[in-house]
Amino acid sequence: MGGWVLIEDADFSSLRAVEATHPLAASHDRHLRELLDRLAQAKLADPYLGSRVRGLLEDAGLTEIDNEGMSRIARGGETEARMLCMTLQALVERGILSAAAYSDIHQALLDPSFSFITLTTFAAWGKRAS
């Protein structure tokens with residue numbers, strides 16, 4: 001019953017402004033980091049799981065393990081930014097993110113002069129023993 005296993009998951013630790021000197025960067029980064037930590041502490045989600053997928057396969061005893069991650073640089077107003085805004089709006093509606101924090105993040109994510117690193121999608125694969 002051997003075979004290959006592939007795990008893929010997102011990791012939000014890479015989500016930050018590209019240029020720390022951009023006027024909207026500090027607020028954007030601070031609010032997002034606080035949100036991600038709050039989600040993790042409350043066990044509502046694990047925003048940092050993606051970076052651990054390789055270790056999960058190692059812990060499971062798989063062999064021939066390898067992994068990779070991919071993220072993008074996006075600008076305010078682009079698809080990734082609009083999708084993130086929709087997700088964050090849902091968190092405001094559920095009382096997880098404050099309206100003030102959302103407003104700051106939203107302002108950055110709609111500003112075409114603001115660049116940010118997207119979440120990183122990590123994949124890991126390994127072989128199960130026969």
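This report describes the strands, two of the helices and one serine of the structure shown above. The model is predicted.

**Strands and their pairing**

Strands of a sheet pair through backbone hydrogen bonds, in either a parallel or an antiparallel sense. In this model, an open sheet is formed by 3 strands in the order β2-β5-β4, with antiparallel pairing. Its edge strands are β2 (16-17) and β4, each of which pairs on one side only. Between β2 and β5 there are 2 bridges, and R16 has I117 of β5 as its bridge partner.

Strand β6 (residues 120-128) is joined to strand β1 (residues 3-11) and also to strand β3 (residues 63-70). The table sets out three of the strand pairs with their bridges and one bridge partnership in each.

| Strand pair | Sense | Bridges | One pair of bridge partners |
|---|---|---|---|
| β2 and β5 | antiparallel | 2 bridges | R16 and I117 |
| β1 and β6 | antiparallel | 9 bridges | W4 and K127 |
| β3 and β6 | antiparallel | 6 bridges | D66 and W125 |

**Serine 115 and its surroundings**

Residue S115 belongs to strand β5 (residues 115-117). Is S115 buried or exposed? Its relative accessibility is 13%, and buried means under 20%, so S115 counts as buried. The side chain of S115 makes a polar contact with the side chain of R75, at 2.8 Å. Apart from neighbours within four places in sequence, the residues in contact with S115 are A17, V18, I73, A74 and R75.

On either side of this serine in the numbering come two phenylalanines, F114 and F116, and both are buried. A pair of aromatic rings is described by the distance of the centres and the angle of the planes. The model has 1 aromatic pair by the rule applied here. That pair consists of F114 and F116, which are stacked, with 6.3 Å from centre to centre and 20° between the planes.

**Helix α1**

Helix α1 (25-41) contains 17 residues, and the distance from its first C-alpha to its last is 24 Å, close to the 24 Å expected at 1.5 Å a residue. Its buried residues are A25, S27, H28, H31, L32, L35, L36 and L39. The elements that cover them include β2, α3 and α4. After α1 comes K43, with a positive phi near 60°.

**Helix α3**

Helix α3 (residues 79-93) has 15 residues and spans 21 Å from first to last C-alpha, close to the 21 Å expected at 1.5 Å a residue. Which residues of α3 are buried? They are A81, L84, C85, L88, L91 and V92. Viewed down the axis of α3, these buried residues fall within an arc of 120°, and they therefore line one face of the helix. An α-helix has 3.6 residues a turn, so residues three or four places apart point the same way.

The face of α3 turned away from the buried side carries M83, M86 and E93, which are exposed. The buried residues of α3 are covered by elements including α1, β4 (73-75), α4 (99-110) and β5. Helix α1 is thus among the elements covering α3, while α3 is among those covering α1. Just after α3, G95 adopts a positive phi of about 75°.

Terms used
Residues numbered from 1 in each chain as written. Predicted model: local features only at pLDDT ≥ 70, side-chain atom pairs only at ≥ 80, totals over all residues. Heavy atoms only, no water. Helix = DSSP H or I, 4+ residues; strand = E, 2+ residues; numbered from the N terminus. Buried < 20%, exposed > 50% of the residue type's maximum accessible area, 1.4 Å probe, protein only. Polar contact = N/O pair within 3.5 Å; in protein donor to acceptor, adjacent residues only side chain to side chain. Contact = heavy atoms within 4.5 Å. Phe/Tyr/Trp six-rings, centres within 6.5 Å; stacked < 30°, edge-to-face > 60°. Expected span 1.5 Å × (residues − 1). Arc of directions from axis to C-beta. Pairing = 2+ DSSP bridges.
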